[in-house]
Amino acid sequence: MKATILAIGKCKKNSPEAALIAEYAKRSSWEIVIKEKDNASQEEEARFLQEHIPSSAKVIVLDERGVNIKSKELAQKIEAWMLDGCSEICFLIGGADGHLQETRDKADLILSFGKLTLPHMLMRAVLAEQIYRVQTIIAGHPYHRE
C-alpha cells in the first residue's frame, strides 16, 4: 500500500515534527510519500491538492466537518478498500482556511481528528502515526490496543 500525504505548508527539515514523521514512515511497511506546497490563496491550495491526487487513489480529506472515528474503524475502511483492489490512499491536509467544497467533493472519506485545532505540522505527525497504526491493525500487530 502507498500512502500519499498532500499538505499545505512546508515542514522544516530538522523540526521535531519532521523527526516524528520520518520515524513513523521508517517503521511502516507501507510507502509514505509527502508532497507540500507553500501557503497560498485557498483557490491555489485547492488546485495543488486536486492536481496531485493520484488517479487510482482513495481520497481522505482531513476536515473539521468530517467523521470522527476510531483508529480501528479507519483500519477496517482502508482494509476494505485494499480487498477491493485499492493500492493507494491519499490524505489531503488543507491550509489555515481549510478546504474548499470542491476539494471535499473529491473525498471518499472526510475525516476529522476531533474538534481541537492542531498546528498543521503537528497534524502531519499525528497522521503519520495513524497511518502506521492502521497498517499494524490490518497486519494484526500488537502495537494498537483498545
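1. Charge balance. In this predicted model, the chain carries 20 positive and 21 negative side chains, and the centres of these two sets lie 4 Å apart. Side chains of opposite charge can pair when their charged atoms come close. The structure holds 6 salt bridges, and three of the pairs involved are taken up in the points on helix α1 and on strand β3 below.

2. Fold order and overall dimensions. The chain contains 5 helices and 5 strands, and from the N terminus on these elements follow the order β-α-β-α-β-α-β-α-β-α. The radius of gyration of the chain is 14 Å, close to the 15 Å that the globule rule gives for 146 residues, so the chain is as compact as a globular protein of that length. Taken along the principal axes, the box filled by the C-alpha atoms is roughly 40 × 35 × 30 Å.

3. Burial, surface and contact range. Of the 146 residues of the chain, 45% count as buried, while the accessible surface comes to about 8,100 Å², with 47% of that area belonging to carbon and sulfur atoms. Among the contacts in the chain with a separation of 6 or more, 85% are accounted for by residues 24 or more positions apart.

4. The charged group on helix α1. E23 forms a salt bridge with K26, for which the closest N and O atoms are 3.7 Å apart, and the side chain of E23 also meets that of R27 in a salt bridge at 3.0 Å, N to O. The spacing along the helix suits a description in turns: E23 and K26 are 3 residues apart in helix α1 (residues 16-27) and therefore separated by about one helical turn, whereas E23 and R27, both in helix α1, are 4 residues apart, which is again given as about one turn of the helix. As to accessibility, E23 is partly exposed, with a relative accessible area of 30%, and R27 is likewise partly exposed, at 41%; K26, at 64% relative accessibility, counts as exposed because the cut-off for that class is over 50%.

5. The pair between strand β3 and helix α4. A salt bridge is also formed by D63 and R104, whose closest N and O atoms are 3.6 Å apart. This pair links distant parts of the chain, since D63 belongs to strand β3 and R104 to helix α4 (residues 101-104), with their positions 41 residues apart in sequence. Both partners fall under the 20% limit that defines burial: D63 is buried, with a relative accessible area of 7%, and R104 is buried, with a relative accessible area of 11%. Elsewhere, on helix α1, salt bridges that share partners join E23, K26 and R27 into one network.

6. The loop between β1 and α1. Two residues of this loop may be considered side by side, namely K10, which lies between β1 (2-8) and α1, and S15, which is found in the loop between β1 and α1 as well. K10 counts as partly exposed, at 47% relative accessibility, whereas S15 is buried, with a relative accessible area of 12%. Leaving aside residues up to four places away in sequence, K10 touches E36, K37, D38, M121 and R124. M121 also appears in a distance computed for S15, in that the C-alpha atoms of S15 and M121, although 106 residues apart along the chain, are separated by 9.2 Å. For K10 and L20, by contrast, a sequence separation of 10 residues goes with a C-alpha to C-alpha distance of 15 Å.

7. The loop between α2 and β3. S56 lies in the loop that runs between α2 (42-51) and β3 (58-67). With a relative accessibility of 52%, S56 counts as exposed, and I would note that this value should be read against the cut-off of over 50% for that class. S56 and I89 are 33 residues apart in sequence, yet their C-alpha atoms are 8.5 Å apart in space.

Technical notes:
Residues numbered from 1 in each chain as written. Predicted model: local features only at pLDDT ≥ 70, side-chain atom pairs only at ≥ 80, totals over all residues. Heavy atoms only, no water. Rg over C-alpha atoms; globule rule 2.2 N^0.38 Å. Buried < 20%, exposed > 50% of the residue type's maximum accessible area, 1.4 Å probe, protein only. Contact = heavy atoms within 4.5 Å. Areas by Shrake-Rupley, 256 points an atom, 1.4 Å probe, with all protein chains shown as cover. Lys, Arg positive; Asp, Glu negative; His and termini not counted. Charge placed at Lys NZ, Arg CZ, Asp CG, Glu CD. Salt bridge = Lys/Arg side-chain N within 4 Å of Asp/Glu carboxyl O.
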